[in-house]
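Subject: Structure for you to look at

Hello,

Here is the structure I promised to pass on. Please open it beside this email and follow along.

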Amino acid sequence: MKIIYGSELSKEMKEAMANEVKTLDRKPCLAVLLVGDNPASVSYVKGKNKACLEVGFDYRQIDLSEDASEMEVIDVIKSLNEDDFVDGILVQLPLPKHINEQRVINSIDPGKDVDGLHPVNFGRLFAGLDAFYPCTPLGIIELLKKMEVDLEGKNVVVVGRSNLVGLPVSRLLLKQNATVTICHSRTKDLARITREADVLVAAIGKPRFFTEEYIKDGAYVIDVGVNRVDGKLCGDVDFDNVKDKCAAITPVPKGCGPMTITMLLENTMKSYRMRSSK
Ligand code: NAP
């Protein structure tokens, strides 16, 4: 059994990016908009800031208070859309309840939507066109490459159908010619389906849900879940219970999480390249 650390892969990718940044005329720039001071959001934003500095990107953070109006948020985004020095715009989610998240996402220039959440990018992904794809799904594909799984014709089961993870990763896996089954909370007899999976992607947000009866012998397992139990992080997969059954598995922490941030940097670099070639 191999444990595939996203933290190590992320370090390799960031080193390569940092070397490329040194050769550029100007630094790629990521702008992050934070509304309010939700502790989890503050910590995620800090992680993005640190990653940008590591690779030599410019990082701009715009902080708005919890009671900022939707119009104020959209006005900030409009000014970032027009700023030629900004390559990527990310709005840290969730937004306070009085703000409509979808309207805010819709206001981002799709050409700077490095989180890949704008309907134009989402639509292009499903149409099989180039676009900014969401970061966690991109990270999952990189982790599977690192596992050296040839996805063609493999039975891949994705559990979770969110717009952030389950749905887009399923489309990316189809693009790799996997045979993809998407499961969710209404799926009947889930264990029967996941036991057929050569590759299992677990993205449901339920701590240590997937125990050995859900896993096929020799499966490749990507654990996307981030859950906190007794103050400690754990995934959706019961790692200790299943690890000896798997060919390879990602841990939590140090699995998918670091790859999500790395793919955000990759998307920002992609935006920089596209914009500077215009
Ligand atoms: P989400 O929007 O809450 O979606 C959860 C999905 O899981 C839904 O499709 C839901 O089905 C399904 N589900 C819930 N309970 C289930 C069960 N018992 N059996 C089968 N399916 C079930 O969550 P998300 O945003 O996709 O995130 C999923 C997990 O990944 C969370 O733990 C989140 O923290 C983590 N995450 C990690 C990263 C990272 O970078 N590592 C990034 C994003 C998310 P229905 O659609 O039927 O409700």
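Below is what was found in it, one topic at a time.

First, a caution: this is a predicted model.

**The sheet**

Start with the strands. Six of them form an open sheet. Follow the order β1-β11-β8-β7-β5-β6. The pairing is parallel. The edge strands are β1, residues 2-3, and β6, residues 179-183. Each of these two pairs on one side only.

Now take the pairs one by one. At one edge, β1 is joined to strand β11 (residues 246-249) by two bridges. These two strands run parallel. Look for Ile3 there: Ile249 in β11 stands opposite.

Next comes β8, which covers residues 219-223. Three bridges join β8 to β11, again in parallel. Here Ala219 faces Cys246 of β11.

At the other edge, β5 (residues 155-159) pairs with β6. Count five bridges, in the parallel sense. Asn155 has Thr179 of β6 standing opposite.

**Around Asp198**

Stay with Asn155 for a moment. Which side chain has a polar atom 2.8 Å from the backbone nitrogen of Asn155? It is the side chain of Asp198. Asp198 sits in the loop between α8 (190-194) and β7 (199-202). What else does Asp198 contact, once neighbours within four places in sequence are set aside? Besides Asn155, the list holds Lys154, Lys216, Ala219 and Tyr220. You met Ala219 above, opposite Cys246.

**Around Gln61**

Move to strand β3, residues 58-64. Gln61 is found there. Its relative accessibility is 32%, so Gln61 counts as partly exposed. The side chain of Gln61 makes a polar contact of 2.8 Å with the side chain of Tyr59. Another polar contact, also listed at 2.8 Å, joins the side chains of Gln61 and Asp63. Leaving out residues up to four places away in sequence, Gln61 touches Val32, Leu34 and Val45. Try one distance yourself. From C-alpha to C-alpha, Gln61 and Ile89 are 10.0 Å apart. In sequence they are 28 residues apart.

**Salt bridges**

Side chains of opposite charge can pair when their charged atoms come close. How many salt bridges does the model have? The count comes to 13. Some of them follow.

Glu12 pairs with Lys146. The closest N and O atoms are 3.6 Å apart. Glu12 belongs to helix α1 (residues 6-22) and Lys146 to helix α6 (residues 135-146), so this pair ties together parts that are 134 residues apart in sequence. Glu12 has 42% relative accessibility and therefore counts as partly exposed. Lys146 is partly exposed as well, with a relative accessible area of 38%.

Asp87 pairs with Arg26. Here the closest N and O atoms are 2.8 Å apart. Asp87 lies in the loop between α3 (70-82) and β4 (88-91), and Arg26 in the loop between α1 and β2 (29-35), so the pair ties together parts that are 61 residues apart in sequence. Are the two partners buried or exposed? Buried means under 20% relative accessible area. Asp87 is at 0%, so Asp87 counts as buried. Arg26 is at 24%, so Arg26 counts as partly exposed.

Arg192 and Asp189 also meet in a salt bridge, at 3.4 Å from N to O. Arg192 counts as partly exposed because its relative accessibility is 47%. Asp189 is partly exposed too, with a relative accessible area of 47%.

Salt bridges also link Lys14, Lys50 and Glu54 in a network.

**A nonpolar patch**

Last, turn to the surface. Which residues make the nonpolar patch of about 280 Å²? They are Tyr44, Val226 and Leu233. Tyr44 lies in helix α2, residues 39-55. At 46% relative accessibility, Tyr44 counts as partly exposed.

**Where to begin**

Find β1 and β6 before anything else, as these are the edge strands of the sheet. Then go to Asn155 and look for the side chain of Asp198. After that, look at Asp87 and Arg26, the salt bridge at 2.8 Å.

Best wishes

Conventions: Residues are numbered from 1 along each chain as its sequence is written. This is a predicted model: local features need pLDDT of at least 70, side-chain atom pairs count only at pLDDT 80 or more; totals for chains, interfaces and linings use all residues. Side-chain values use heavy atoms; hydrogens and water are left out. Patches are made of residues with over 30% relative accessible area and no salt bridge: like charges are joined within 9 Å, nonpolar side chains (Val, Leu, Ile, Met, Phe, Trp, Tyr) within 5 Å. Accessible areas come from the Shrake-Rupley method with a 1.4 Å probe; for residues, only the protein chains shown count as cover. A salt bridge is a side-chain nitrogen of Lys or Arg within 4 Å of a carboxyl oxygen of Asp or Glu. Helices (H or I, at least four residues) and strands (E, at least two) are DSSP runs, numbered from the N terminus. Buried means under 20% relative accessible area, exposed over 50%, partly exposed in between (1.4 Å probe, protein chains only). Two strands pair if DSSP finds at least two bridges between them. A polar contact is a pair of N or O atoms within 3.5 Å; within protein, one must be able to donate a hydrogen and the other to accept it, and residues adjacent in sequence count only if both atoms are side-chain atoms. Contact means heavy atoms within 4.5 Å.
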